[in-house]
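Colleague: Could you take me through the salt bridges in this one, pair by pair? I'd like to know where the partners sit and how buried they are.

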Amino acid sequence: MKEVFRLELFKDIYVDEMINLFKESIENTCFKDYSNEQIETWISRAHKTRRKKMFNNNYSIVVFVDKMMIGFGDITKDNYLNMLYVHHEYQNRGVASLICDELEKRAKGTITVDASLTAKSFFLKRGYKVVKEQTINIDGVMLNNFRMMKNID
């Protein structure tokens with residue numbers, strides 16, 4: 001039987017599960033591209049109060065299979081694709097594309113994303129172009145990512 005992915009708008013009650021999914025996704029999918037120190041620093045930024053406010057201010061969606069959250073993403077009013085994370089056991093099954101399709105529908109003009117090395121190929125396949133490689137400093141730990149853009153007609 002084929003799994004049914006269900007999209008929902010963000011609700012405050014989802015924030016803890018989203019933070020857990022954020023951490024697990026990074027730990028289980030980015031280890032080939034980032035060091036343990038970089039991953040630990042990256043996931044340490046998941047503060048509940050700040051995330052809840054951010055998800056409420058942005059267009060934020062969550063994907064479920066039955067009652068299990070398997071992905072989420074959000075985009076700002078200024079077309080910045082802020083977050084897109086998928087449960088590591090649901091990678092390469094269309095979940096990220098489903099989320100990205102929905103977020104892109106909200107955009108007019110150019111969408112910007114700061115993609116990790118791990119996510120770069122996903123965005124390239126969707127027509128995003130690398131504008132520049134960046135090194136960001138999080139609490140003294142340096143992480144590389146890519147500023148990418150895509151025009152939406």
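Modeller: Here is a walk through the charged pairs, with a short look at the nonpolar packing at the end. Keep in mind that this is a predicted model, where local features need pLDDT of at least 70 and side-chain atom pairs count only at pLDDT 80 or more, while totals for chains, interfaces and linings use all residues. Numbering runs from 1 along each chain as its sequence is written, and side-chain values use heavy atoms, with hydrogens and water left out.

Searching the whole structure turns up 9 salt bridges (a side-chain nitrogen of Lys or Arg within 4 Å of a carboxyl oxygen of Asp or Glu). Take Glu-3 and Arg-93, whose side chains meet at 2.3 Å, N to O. Glu-3 is in the segment before strand S1 (5-9) and Arg-93 in the loop between strand S4 (80-86) and helix H4 (95-105), so this bridge ties together parts 90 residues apart in sequence. Helices here are DSSP runs of H or I with at least four residues, and strands are runs of E with at least two, numbered from the N terminus. Glu-3 is partly exposed at 31% relative accessible area, and Arg-93 is partly exposed at 40%; buried means under 20%, exposed over 50%, and partly exposed in between, using a 1.4 Å probe and protein chains only.

Next up, Asp-101 pairs with Arg-126 at 2.6 Å, N to O. Asp-101 belongs to H4 and Arg-126 to the loop between helix H5 (117-125) and strand S6 (129-138), so the link spans 25 residues of sequence. Asp-101 is partly exposed at 38%, whereas Arg-126 is buried at 15%.

Then there's Glu-102 with Lys-105, closest N and O atoms 3.5 Å apart. Both are in H4, 3 residues apart, which means about one helical turn separates them. Glu-102 is buried at 17%, while Lys-105 is exposed at 61%. Shared partners also join Asp-101, Glu-104, Arg-126 and Lys-150 into one salt-bridge network.

As for the packing, the largest nonpolar core has 25 residues, and those touching the most other members are Met-18, Phe-22, Ile-26, Trp-42, Phe-55, Phe-72 and Tyr-85. Such a core is a set of buried Ala, Val, Leu, Ile, Met, Phe, Trp, Tyr and Cys residues joined through side-chain atoms within 4.5 Å. Helix H1 (15-29) gives the most to this core, with 6 residues.
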